[in-house]
Amino acid sequence: LGDICLWYHGALTSSDAEAKLTNQPEGTFLLRLRRFAADSGLLALSQVGKKGITHTNIYKEPVAEVYYTSFTDFVYPSVQELIRNHPGCIK
């Protein structure tokens with residue numbers, strides 16, 4: 001799991017994530033398991049940006065074993081690669 005353990009905060013709501021990220025510098029982020037994941041992606045990336053805290057759903061394609069954030073984005077072989085290439089995250 002490597003880096004992912006440092007970012008992962010378990011099952012959190014978006015409100016819980018916002019509470020953890022409040023007053024953190026731009027680029028700070030966390031990865032969380034979505035509490036109601038069935039219809040909107042398994043994981044979410046919550047991050048502090050110029051316009052405040054945002055949440056991005058992360059989906060997994062079960063057959064191809066790749067991760068993506070929307071149907072128009074690139075696909076990545078791991079969550080770590082997706083985060084490394086996601087704009088605004090402090091690496």
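Q: What counts as a helix here?
A: A helix is a DSSP run of H or I, with at least four residues, numbered from the N terminus. The model itself is predicted. Take helix α3, which spans residues 79–84. Arginine 84 and glutamate 81 are three residues apart in helix α3, which means that about one helical turn separates them.

Q: What does arginine 84 form with glutamate 81?
A: A salt bridge. The test is a side-chain nitrogen of Lys or Arg within 4 Å of a carboxyl oxygen of Asp or Glu. Here the closest N and O atoms are 3.0 Å apart. Arginine 84 is partly exposed, at 38% relative accessible area. Glutamate 81 is also partly exposed, at 29%.

Q: How many salt bridges does a search of the whole structure find?
A: Two. Besides the pair in helix α3, there is one between the side chains of glutamate 65 and lysine 60, at 3.6 Å from N to O. Lysine 60 counts as partly exposed, with 36% relative accessibility. Glutamate 65 is partly exposed too, at 47%.

Q: Where does glutamate 65 lie?
A: In the loop between β4 (52–61) and β5 (66–68). Check its backbone as well. Most residues other than glycine have a negative phi. Glutamate 65 has a positive one, near 55°.

Q: Which residue in the loop between α2 and β2 should I look at?
A: Asparagine 23. That loop runs between α2 (14–21) and β2 (29–34). Phi of asparagine 23 is positive, near 70°, and the residue is not glycine.

Q: Is asparagine 23 buried or exposed?
A: Over 50% relative accessible area counts as exposed. Asparagine 23 has 77%, so it is exposed.

Q: How do I read the sheet, and what is its strand order?
A: Find the partners of each strand, then list the strands across the sheet. This sheet is open, has five strands and follows the order β1-β2-β3-β4-β5, with mixed pairing. β1 (8–12) and β5 stand at the edges. Each has a single partner strand, so one side of each lacks a neighbour in the sheet. From one strand to the next, the twist averages 30°.

Q: How many bridges join β3 to β4?
A: Seven, and the two strands run antiparallel. A hairpin links β3 to β4 through two residues. Valine 48 stands opposite isoleucine 53 in β4.

Q: How many bridges join β2 to β3?
A: Five, again with antiparallel strands. Phenylalanine 29 has glutamine 47 in β3 as its bridge partner.

Q: How many bridges join β4 to β5?
A: Three, and this pair is antiparallel as well. Glutamate 61 has valine 66 in β5 as its bridge partner.

Q: How many residues of β3 are buried?
A: In a regular strand, side chains alternate between the two faces of the sheet. Consider cover on either face. In β3 (43–49), six of the seven residues are buried, and the strand is mostly covered.

Q: Which strands does α2 lie across?
A: A helix packed on a sheet is read by its contacts and by its angle to a strand. α2 lies across β1, β2, β3 and β4. α2 runs at about 160° to β2.

Q: Which residues make up the largest nonpolar core?
A: In soluble globular proteins, nonpolar side chains tend to be buried together. The largest core here has twelve residues, among them Trp7, Phe29, Leu31, Leu45, Ile58, Tyr67, Leu82, Ile83 and Cys89. β2, β3 and α3 each give two or more residues to this core. The largest share, three residues, comes from α3. Apart from this core lies another, of five residues, including Ala17, Leu21, Leu30 and Val48.

Q: Is isoleucine 83 buried or exposed?
A: The cut-off for buried is under 20% relative accessible area. Isoleucine 83 has 1%, so it is buried. This residue lies in helix α3 and belongs to the largest core, as does Ile58. Isoleucine 83 and isoleucine 58 are 25 residues apart along the chain, and 9.9 Å separates their C-alpha atoms.

Technical notes:
Residues numbered from 1 in each chain as written. Predicted model: local features only at pLDDT ≥ 70, side-chain atom pairs only at ≥ 80, totals over all residues. Heavy atoms only, no water. Buried < 20%, exposed > 50% of the residue type's maximum accessible area, 1.4 Å probe, protein only. Pairing = 2+ DSSP bridges. Axes fitted to C-alpha atoms, helices over the stretch in contact; angles between N-to-C directions. Contact = heavy atoms within 4.5 Å. Core = buried A, V, L, I, M, F, W, Y, C linked by side-chain atoms within 4.5 Å.
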